[in-house]
Amino acid sequence: MQTLAEESGAPTGSTPARTLVMGIVNVTPDSFSDGGRFLLPEDALRHAWQLVEDGADIIDLGAESTRPGATPLPAEEEWRRLCPVLEVLGRECPVPVSVDTYKADIAERALALGARMINDVWGGLADPRMLSVVARAGCEYVWMHNRPEPAATDAFAVLVAETQAGINRCLEAGIQPDKLWIDPGIGFGKTYEQNLVVLKRLSEYTQLGYPVLLGTSRKSVIGRTLGVGVDGRLAGSLATVAWGVQAGVRAVRVHDVRDTVMTCRMVEAIVHAAG
Ligand code: HH2
């Protein structure tokens with residue numbers, strides 16, 4: 001079976017032939033942009049099928065909001081929300097399913113129900129069992145950068161050093177290099193200015209040797225730059241997607257799949273134009 005990174009077809013660090021679009025399904029009451037809309041399993045499933053029809057290459061299913069200030073969710077409640085949706089997606093979803101969790105127990109149960117990727121916003125730091133569970137399962141793993149507090153200085157250098165340390169921990173735990181993705185974690189443990197600098201220097205991040213997933217969709221860095229609420233952030237989100245594709249990211253994690261797919265195809269056409 002091809003890995004997801006192989007499906008996008010390009011050496012890491014250059015614009016892929018086809019950037020993968022990961023569509024977000026949040027089964028949460030409190031996600032920052034769509035909390036409460038897809039809490040019922042039938043609503044979450046209807047939304048997932050719509051994202052697939054819109055062109056999503058991966059569905060990312062999450063049951064716990066990671067926005068700053070969100071109350072941590074007990075594993076049993078997280079599983080109670082995920083299970084009925086994943087039971088159906090694992091059987092019927094025509095594209096790979098990723099599960100957004102930092103808990104190893106949830107990852108194990110999700111993999112048993114057919115998830116192909118674990119998306120961990122704490123990069124293994126929140127649960128000491130996570131990396132070994134992922135390694136044993138042989139699934140794809142998104143290591144996302146996160147820290148409790150923003151770095152005091154040199155945020156980009158800190159991001160790179162902590163990413164390299166994270167990659168080493170993943171490999172030492174036995175995760176196969178071709179199953180590993182990295183993500184700079186826009187909006188996580190970074191100030192507004194640091195988020196912009198990370199985006200500015202994204203083409204350096206894509207040179208680290210692993211496929212990069214970028215998640216900027218509707219985030220506050222866009223809201224603050226443009227002075228718009230969550231419902232007005234599509235244009236800003238697409239601008240960051242275009243920037244990311246040009247900088248060589250291999251996948252983007254978004255709420256607005258249809259517009260994102262078109263943005264990716266357009267940038268790829270320009271970058272790969274002959275002559
Ligand atoms: N961002 C969010 C959640 N998971 N995973 C990765 N790999 N990268 C990201 O940037 C990322 C992520 C936050 O967005 P969202 O799911 O829309 O909100 P919430 O955490 O409030 O559910």
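## A pair in helix H2

Asp 43 counts as partly exposed, at 21% relative accessibility. Keep in mind that this is a predicted model. The side chain of Asp 43 meets that of Arg 46 in a salt bridge, with N to O at 3.1 Å. Arg 46 is exposed, because its relative accessible area of 54% is over the 50% cut-off.

Both residues belong to helix H2, which runs over residues 41–54. Asp 43 and Arg 46 sit 3 residues apart there, or about one turn of the helix.

## Two more pairs on helices

Next up is helix H3 (residues 75–92), home to both Glu 77 and Arg 81. These two are 4 residues apart, again about one turn of the helix, and they form a salt bridge whose closest N and O atoms are 3.2 Å apart. Buried or exposed: how does Arg 81 count? Arg 81 is buried, since its relative accessible area of 13% falls under 20%. Its partner Glu 77 is partly exposed, at 22%.

Helix H11 (residues 257–271) has a pair too: Arg 265 and Glu 268, 3 residues apart and so separated by about one helical turn. Their side chains meet in a salt bridge at 2.8 Å, N to O. Here Glu 268 is the buried partner, with 5% relative accessibility, while Arg 265 counts as partly exposed at 29%.

## The wider set of salt bridges

How many salt bridges does a search of the whole structure find? The search turns up 19. Some of the charged residues link up in a network: Asp 105, Glu 108, Arg 129 and Arg 136 are joined this way by salt bridges.

## Spaces inside

The model also has some enclosed space: a search of the whole structure finds 2 cavities of 30 Å³ or more. The largest cavity holds about 40 Å³. Its lining includes His 145, Arg 147, Gly 189 and Lys 190, among others. Helix H6 (residues 155–172) supplies the largest share of that lining, 3 residues. Sorted by class, the lining has 4 nonpolar, 3 polar and 2 charged residues.

The second largest cavity has about 30 Å³ of space. Among the residues lining it are Ser 217, Leu 234, Val 254, His 255 and Asp 256. Which helix gives the most to this lining? That is helix H10 (residues 234–246), with 4 residues. By class, the lining of the second largest cavity divides into 4 nonpolar, 4 polar and 1 charged.

Key. Residues numbered from 1 in each chain as written. Predicted model: local features only at pLDDT ≥ 70, side-chain atom pairs only at ≥ 80, totals over all residues. Heavy atoms only, no water. Salt bridge = Lys/Arg side-chain N within 4 Å of Asp/Glu carboxyl O. Buried < 20%, exposed > 50% of the residue type's maximum accessible area, 1.4 Å probe, protein only. 1 Å grid on protein atoms, 1.4 Å probe; cavity = no way out; pocket = protein on both sides within 12 Å on 5 of 7 lines; lining within 4 Å. Points joined across faces, edges and corners; volume = space filled by probe spheres on them. Nonpolar A, V, L, I, M, F, W, Y, C, P; charged D, E, K, R; others polar.
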